[in-house]
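Let's take a walk through this one together. Have the viewer ready, and keep the sequence at hand while we go.

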Amino acid sequence: MVVAGEETVERGLRIPLELQQMPAGLELLGDVPATVDVRVRGASGTLSRVGPGDIVAVLDLRTARSGRRLFPLTPDQVRVPFGVEVMQLLPSAVALAFERALSREVPIVPSVDGRPAAGYAVGEMAAEPKVVEVIGPQTAVERATEVLTEPIPVSGARSAVRQTVTLGLLDPSLRLKTARTATVTVQIVPAPLERIVRHRPVHLRNIGPNLQAEAMPSTVDVTLRGNRDAMTHLDANDIVAFIDLAGLGPGQYNSLDVRAASAPDLGVTRVEPATVQVRITSGKD
């Protein structure tokens with residue numbers, strides 16, 4: 001009903017676009033427009049009372065199928081209050097892309113924030129559940145390699161940290177089917193130590209018959225990494241630096257790699273220098 005003498009006006013509005021009747025087994029791809037522009041006519045009093053959600057454009061997707069589709073938008077598809085007439089709707093069509101829906105289990109990969117107390121390091125991390133089901137467009141689901149957790153704080157920790165955290169996905173087209181949280185246990189272990197064992201003699205192995213060899217320099221420094229207990233029981237004589245001379249005849253070799261064997265539970269991280277000169281001579285020289 002229009003009050004006699006009330007002015008008729010037109011007004012431009014940006015209104016929500018509502019998607020209805022989405023077919024089962026399909027997923028929308030890319031960015032979907034959330035609003036459209038409409039020009040409406042009505043009594044000034046009626047339009048002044050229009051609130052958010054009173055005017056909505058409705059797009060029926062029941063005919064959608066895989067691929068890129070174009071859906072027309074007409075004034076008849078706009079839901080308006082009594083006394084309001086739609087004069088224009090922009091855009092006149094909306095392009096949407098669809099893909100078959102897929103779901104599969106993807107592993108949870110925990111992350112941490114901060115650093116444990118001095119002398120400690122982050123050890124193994126385990127999530128419960130270990131995997132969660134991810135749903136979305138087929139290509140996006142097939143690309144997914146991990147489900148992330150919010151970071152677990154480990155600053156200053158000296159023992160295991162256990163916390164229930166929120167799960168998330170980097171790809172906005174994906175979603176979790178059920179689980180939204182996981183319980184993560186982060187082991188805090190004694191940090192490995194490093195030690196330099198200096199002036200270890202370079203052993204020359206597999207020298208050919210009737211040959212002699214000399215390394216220059218004849219000693220190297222070996223850097224080891226391992227746990228505190230192994231370092232405590234380390235004997236320098238357990239560290240053997242060597243060069244394999246198998247197949248090499250007399251001559252001057254300016255850059256041969258030095259290798260090192262360490263005690264159990266210790267790893268060699270560096271040999272300095274990494275290469276040395278070796279002179280091989282025959283026993284008659």
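**From a proline loop into the strands**

Start at Pro129, which is found in the loop between β10 (120-128) and β11. The bond leading into this proline is worth a click: Glu128 and Pro129 are joined by a cis peptide bond, with omega at about 5 degrees. Keep in mind as you look around that this is a predicted model, so every angle and distance here is computed from predicted coordinates.

Step past that proline and you're in strand β11, residues 131-137. How many of its seven residues are buried? Five of them are, so the strand is mostly covered. As for its partners, β11 pairs with β8 in the antiparallel sense, over seven bridges. To find the register, pick Leu102 and look across to β11, where its bridge partner is Gly136. Strand β11 also has a link to strand β15 (residues 175-176): two bridges join them, and they run antiparallel. Here you can use Ile135 as your marker, since its bridge partner in β15 is Arg175.

Now follow β8, which covers residues 93-109. One of its residues, Phe98, makes an aromatic pair with Phe71. The rings meet edge-to-face, 6.0 Å centre to centre, with 70 degrees between the planes. That angle earns the edge-to-face label because the cut-off is over 60 degrees. What does the pair tie together? Phe71 sits in strand β5 (residues 67-72) and Phe98 in β8, so the contact links parts that are 27 residues apart in sequence. Both Phe71 and Phe98 are buried. If you go hunting for other ring pairs, note that the count comes to one aromatic pair.

Just before β8 there's another proline to check. Pro91 has its place in the loop between β7 and β8, and the peptide bond from Leu90 to Pro91 is cis, with omega near 0 degrees.

Going back through that loop brings you to strand β7 (residues 84-90), which is joined to β3 by six bridges, the two running antiparallel. Val40 is a handy handle for this pairing: its bridge partner in β7 is Val86. On to the next pairing, then. Strand β3 (residues 35-43) also pairs with strand β1 (residues 8-20), again in the antiparallel sense, over nine bridges. For a landmark there, take Leu13, whose bridge partner in β3 is Val38. While you're tracing these, it helps to remember that in a regular strand the side chains alternate between the two faces of the sheet.

Next, some backbone oddities. Gln21 has a positive phi of about 60 degrees although it is not a glycine. You'll find Gln21 in the loop between β1 and β2 (26-29). Is Gln21 buried or partly exposed? It is partly exposed, with a relative accessible area of 45%. Asn210 does a similar thing with its backbone: its phi is positive, about 65 degrees, and it isn't a glycine either. Asn210 lies in the loop between β17 (193-205) and β18 (211-216). This residue is exposed, at a relative accessible area of 68%.

One last stop is a side-chain contact. Turn to Arg205 and look for the ring beneath its charge: Arg205 lies over the face of Phe242, at 3.9 Å from the ring centre.

Terms used: Residues numbered from 1 in each chain as written. Predicted model: local features only at pLDDT ≥ 70, side-chain atom pairs only at ≥ 80, totals over all residues. Heavy atoms only, no water. Phe/Tyr/Trp six-rings, centres within 6.5 Å; stacked < 30°, edge-to-face > 60°. Helix = DSSP H or I, 4+ residues; strand = E, 2+ residues; numbered from the N terminus. Buried < 20%, exposed > 50% of the residue type's maximum accessible area, 1.4 Å probe, protein only. Lys NZ or Arg CZ within 6 Å of the ring centre and 35° of its normal.
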